[in-house]
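Colleague: Could you take a close look at one part of this predicted model for me? Start with the overall setting, then zoom in.

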Amino acid sequence: MDLAHHVLAAAGAPTVRYALTTFPDLIPGLLDGRWHMTTAIFVTADRAEIVDFSRPVWAAADGFIVRPGDAPRYTSYEAIARTPGATLAVVRGQVQRQTAIAAGVPVDRIREHADQAAAAAAVRDGRADASASTAIGNRAYVRRAGAAGLAAVADQPTTSRARVPRGAFAFSKGSPDLTAAVNTALDRYLGTPEHLALMAGYGIAEDDLQRVLFRRGT
């Protein structure tokens, strides 16, 4: 949100109205004109057919929230898939469901939840064995929640998978000028000391951003 606020100001937006919504409603809200831009979400081919994206602002590998004793066991989607009866919690509408299925996790062992808190609660309460989201987001959630009964582990694929997915701000295809203005602001800001300090405040280190960093003139 802070990154969006900065680049919109740099893009010349005089005022910004923020709308609280659910993840599955982000793109529908763009399509029916309830807002002009979303917070950064994963760029996928299906989404790119109906909305435009800014240049990437992060590249986020997946990870899992598990009970501490299960941290050595559930280190990848493949590990979850080959563990009989292991269930995976995901947030409804996010790409992790498709990633899990592609890695071999049976559909009937995937549980969808409204948000990350609900998915993590399912793990803590024993209704799921792991919940999937971005590794960065999981670390931040466990730290912020102070959840002694949960641990964040990074996904360590045991098979070849596609590159780490990128995240970007999404726009209506009817807003090319706004998309271009935000991209110009991002090109000037990403990778600067101010940007890195802003991200560090959320536990996102420079190493986490290397795949998308852009420094003007380089």
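**The open sheet and what lies beyond it**

Modeller: Of the 218 residues in the protein chain, 44% are buried (under 20% relative accessible area; over 50% is exposed, in between is partly exposed; 1.4 Å probe, protein chains only). Residues are numbered from 1 along each chain as written, and side-chain values use heavy atoms, leaving out hydrogens and water. As the model is predicted, local features need pLDDT of at least 70 and side-chain atom pairs pLDDT 80 or more, while totals for chains, interfaces and linings use all residues.

The chain holds 10 helices and 10 strands (DSSP runs numbered from the N terminus: H or I of at least four residues, E of at least two). Its C-alpha trace spans about 55 × 35 × 35 Å along the principal axes. Take the contacts (heavy atoms within 4.5 Å) with a separation of 6 or more: 68% of them join residues 24 or more positions apart.

Now the part I'd zoom in on. Five strands make an open, mixed sheet, running β6-β5-β7-β4-β8; two strands pair if DSSP finds at least two bridges between them. The edges belong to β6 (110-113) and β8 (151-154), and each has a single partner strand, so one side of each has no neighbour in the sheet. From one strand to the next, the twist averages 35 degrees (axes are fitted to C-alpha atoms, for helices over the stretch in contact; angles between N-to-C directions run from 0 to 180 degrees).

At the β8 edge, β4 (62-66) pairs with β8 in the antiparallel sense over four bridges. Look for I65 there: its bridge partner in β8 is A152. Then there's α6 (116-124), packed on the sheet and touching β4, β5 (88-91), β6 and β7 (130-134). The direction of α6 makes about 150 degrees with that of β7.

Before leaving, glance at S54, in the loop between β2 (52-53) and β3 (58-59). S54 is buried, at 6% relative accessible area. Beyond its neighbours within four places in sequence, S54 contacts A168, F169, F171, V182, N183 and L186. R127 is another story: S54 and R127 are 73 residues apart in sequence and 37 Å apart in space, C-alpha to C-alpha.

Back at the start of the chain, helix α1 (2-10) buries L3, A4, V7 and L8. Among the elements covering those residues are α8 (176-189) and α9 (193-200). Just after α1, G12 takes a positive phi of about 100 degrees.
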